[in-house]
Amino acid sequence: MTEHKFISKVHRLLPKEIYKWKINDPYHGGVPDCFYSGPNGFCFMEYKYKDKLPVRSTTLIKFNLSQQQRDWLTKQHTFGLPVYAIMGIGNQVLVTKEFDKASFSVQEFEEKAVHVKEFVHIISNICLNKGT
């Protein structure tokens, strides 16, 4: 599966009430992949995807955020906007605001990751549920 197909999978699982925008801006580097909004909130998400999790728990998985992406996410975060970096591997998703983190171990990923359906629930809570 590619990153594009992974994002499409997430979008298919999201409730219809959530506005989904797959951002493609060739003129402004660093802009996240997606914007989501609903009646009670919004968020920006930068996706990274890998097909398989390495076998060893100590293996480091590179996040591969570009400097422009890290700068954009960090700046918007300091403004108080809800921005996230996402690492999807198979059906597992790690959601983070640690934009300067270059990599994480397989063990860290496994401890922090949620199933893609739980990730959809996280986005739904941000956009649809007041106070979350």
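**Entry 1: strand β5**

I began with β5 and found both of its faces covered: Val 83, Ala 85, Met 87 and Ile 89 are buried on one side, and Tyr 84, Ile 86 and Gly 88 are buried on the other. The model is a predicted one, which I note here before going on. The tally for the strand is 7 buried residues of 7. The two-sided split follows a general pattern, in which side chains of a regular strand alternate between the two faces of the sheet.

**Entry 2: the sheet around β5**

I then looked up the strand order. The sheet is open, has 6 strands with mixed pairing, and reads β1-β2-β3-β5-β6-β8. I asked why β1 and β8 each have one side without a neighbour in the sheet. Both stand at the edges, β1 at 19–22 and β8 at 114–115, and each has a single partner strand, so one side is left free of a neighbour in the sheet.

I went through the pairs next. β3 and β5 run parallel and are joined by 7 bridges; within that pair, Tyr 47 has Ile 86 of β5 as its bridge partner. On the other side of the pairing list, β5 (residues 83–89) and β6 (residues 92–96) run antiparallel with 5 bridges, and Ala 85 is bridged to Thr 96 of β6. The hairpin of β5 and β6 has 2 residues between the strands, and Gly 90 there takes a positive phi near 60 degrees.

**Entry 3: β1, β2 and β3**

β1 and β2 are antiparallel, with 4 bridges between them; Trp 21 stands opposite Phe 35 in β2. β2 and β3 are antiparallel as well, with 5 bridges, and a hairpin of 2 residues connects them. In this pair I noted Cys 34 opposite Met 45 in β3. For burial, β2 is mostly covered, with 4 of 5 residues buried.

**Entry 4: helices against the sheet**

Which strands does α4 lie across? Helix α4 (residues 116–128) lies across β2, β3, β5, β6 and β8, and runs at about 160 degrees to β3. Helix α2 (residues 67–78) lies across β3 and β5, at about 135 degrees to β5.

For helix α1 (residues 3–13) I listed the buried residues: Phe 6, Ile 7, Lys 9, Val 10 and His 11. The cover over these buried residues includes β1, β2, β3, β5, β6 and α4. I keep in mind that an α-helix has 3.6 residues a turn, so residues three or four places apart point the same way.

**Entry 5: the cavity**

I searched the whole structure for cavities of 30 Å³ or more and got 1. The volume of the largest cavity is about 50 Å³. Its lining consists of Phe 63, Leu 94, Thr 96, Glu 98, Lys 101, Phe 104, Glu 108 and Lys 112. The elements giving two or more residues to this lining are β6 and α3 (106–112). By class, I have 3 nonpolar, 1 polar and 4 charged residues in the lining. Thr 96, one of the lining residues, is also the bridge partner of Ala 85.

**Entry 6: Asn 64**

Last, I checked a backbone angle. Asn 64 has a positive phi of about 60 degrees although it is not a glycine. Where does Asn 64 lie? Asn 64 is in the loop between β4 (60–62) and α2. Is Asn 64 buried or partly exposed? Its relative accessible area is 48%, so I log Asn 64 as partly exposed.

Methods
Residues are numbered from 1 along each chain as its sequence is written. This is a predicted model: local features need pLDDT of at least 70, side-chain atom pairs count only at pLDDT 80 or more; totals for chains, interfaces and linings use all residues. Side-chain values use heavy atoms; hydrogens and water are left out. Two strands pair if DSSP finds at least two bridges between them. Contact means heavy atoms within 4.5 Å. Axes are lines fitted to C-alpha atoms, for helices over the stretch in contact, and angles run from 0 to 180 degrees between N-to-C directions. On a 1 Å grid over the protein atoms alone, a cavity is a set of points where a 1.4 Å probe fits but cannot get out, and a pocket is an open set with protein on both sides within 12 Å along at least five of seven lines; lining residues have an atom within 4 Å of a point. Grid points are joined across faces, edges and corners, and a volume is the space filled by probe spheres set on the points. Ala, Val, Leu, Ile, Met, Phe, Trp, Tyr, Cys and Pro count as nonpolar, Asp, Glu, Lys and Arg as charged, and the others, Gly among them, as polar. Buried means under 20% relative accessible area, exposed over 50%, partly exposed in between (1.4 Å probe, protein chains only).
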